[in-house]
Amino acid sequence: MTTAEAGKSGGMGKDLVVYLCLLALAGLQFAIAFQSIDTSQMFVRMLAVAIVEAALAVLFFMHLWTEKRGFAMFVLVFTIFVLLAMQYGWTDSTRMVVGAPFSK
Amino acid sequence: MSEADSTLEGHATGLSVGPAFSIPTKKLAIWLFIIADTMTFAACLVAYGFLRNGSADWPRPFHSVTNVALMTFVLLTSSLTMLIGLRAARVGDKAGAFRWTMITAALGILFALLHVREWLGLIHEGMTLFKNPWGNGLFGASFFSVTGLHLTHVTGGVIALFAVGMRYRGGRYNADDIEVLGLYWHFVDLVWMFVVPLVYLLNLAH
């Protein structure tokens with residue numbers, strides 16, 4: 001089904017449900033911010049919620065769910081690969097905190 | 001038709017095997033832009049996280065979440081109004097599509113005003129790009145960079161909403177153009193879902 005067809009055939013109900021889910025998940029992020037947990041745990045939980053929110057937005061608001069499978073796979077694989085490739089620097093940022101010297 | 005023309009036409013026919021992934025070219029273009037922009041925001045957020053993780057005295061200047069919660073609500077709601085506008089455009093309801101596109105733009109302006117209020121509050125408390133009263137001076141630079149990049153996208157989106165909305169009403173654009181603009185607007189909303197926890201909620205003063 002193309003996006004246009006999906007737009008014609010689907011009702012507002014699904015969009016409204018997704019919108020309410022996104023509001024609830026955003027609220028969950030705010031609730032996590034007031035939990036008595038350490039920052040790293042808080043970060044992991046908030047990031048997990050943000051990823052679920054992003055997935056909902058991409059699949060239903062941006063209609064990737066109804067696009068051609070090949071295109072959806074192209075977007076997902078390419079984006080995830082580059083996002084993962086950006087994670088190489090974290091160990092070095094931790095080294096900065098503990099003051100460990102550069103490896104020789 | 002000359003021999004050169006027919007040769008060119010032959011080439012064109014040979015190359016025109018249909019749009020990539022069988023989706024309209026405009027939509028493919030905005031998706032490629034969104035993927036590229038994802039990298040820009042990801043790089044900024046990773047750099048922000050790197051600085052925050054590598055700093056022992058990272059500031060926690062936010063005492064209230066009211067403003068940022070309101071901003072989140074406004075932006076999420078603007079995504080819904082954008083969807084309603086697209087749906088109206090798809091069924092040929094020109095007035096409805098224009099009205100909802102303008103409502104989306106108004107919500108975008110409200111978001112920007114709330115954002116500026118947030119900035120002015122921090123500046124009033126003494127935060128600049130390179131120093132602040134709470135801790136690591138890099139906080140200001142990274143905060144203004146990440147949120148400023150997002151605010152620039154919102155501002156650009158609002159201008160595009162007005163421009164596309166007016167041209168749609170004038171008959172120069174169609175529902176596909178509203179859809180392409182909607183993809184961009186939802187992306188701006190999506191990025192905010194990561195900016196809020198990383199930049200605001202993790203820096204709440206407890």
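Colleague: In chain A, what share of the contacts with a separation of 6 or more comes from residues 24 or more positions apart?
Modeller: That share is 60%. Keep in mind that this is a predicted model.

Colleague: How many helices and strands does chain A have?
Modeller: Five helices and zero strands. Along the sequence, the pattern reads α-α-α-α-α.

Colleague: And what percentage of chain A is buried?
Modeller: Buried residues make up 19% of its 104 residues.

Colleague: Let's switch to the contact between the chains. How many residues does each chain give?
Modeller: Chain A gives 42 residues and chain B gives 38.

Colleague: Which elements of chain A give two or more residues to that side?
Modeller: They are α1 (3-9), α2 (12-33), α3 (39-61), α4 (69-85) and α5 (90-98) of chain A. The largest share comes from α3(A), with eleven residues.

Colleague: What classes of residue are on the side of chain A that touches chain B?
Modeller: There are 28 nonpolar, nine polar and five charged residues on that side.

Colleague: New topic: B:I34. Where is it found?
Modeller: B:I34 sits in helix α2 of chain B, residues 25-53.

Colleague: Is B:I34 buried or exposed, and why?
Modeller: B:I34 is buried because 20 other C-beta atoms lie within 10 Å. The cut-off for buried is 20 or more.

Colleague: Which residues is B:I34 in contact with, leaving aside neighbours within four places in sequence?
Modeller: Those are B:L183 and B:F187.

Colleague: How far apart are B:I34 and B:M166?
Modeller: In sequence, B:I34 and B:M166 are 132 residues apart. In space, they are 24 Å apart, C-alpha to C-alpha.

Conventions
Residues numbered from 1 in each chain as written. Chains lettered and ligands numbered in written order. Predicted model: local features only at pLDDT ≥ 70, side-chain atom pairs only at ≥ 80, totals over all residues. Contact = placed C-beta atoms within 7 Å. Helix = DSSP H or I, 4+ residues; strand = E, 2+ residues; numbered from the N terminus. Nonpolar A, V, L, I, M, F, W, Y, C, P; charged D, E, K, R; others polar. Buried ≥ 20, exposed ≤ 12 C-beta atoms within 10 Å, placed from the backbone.
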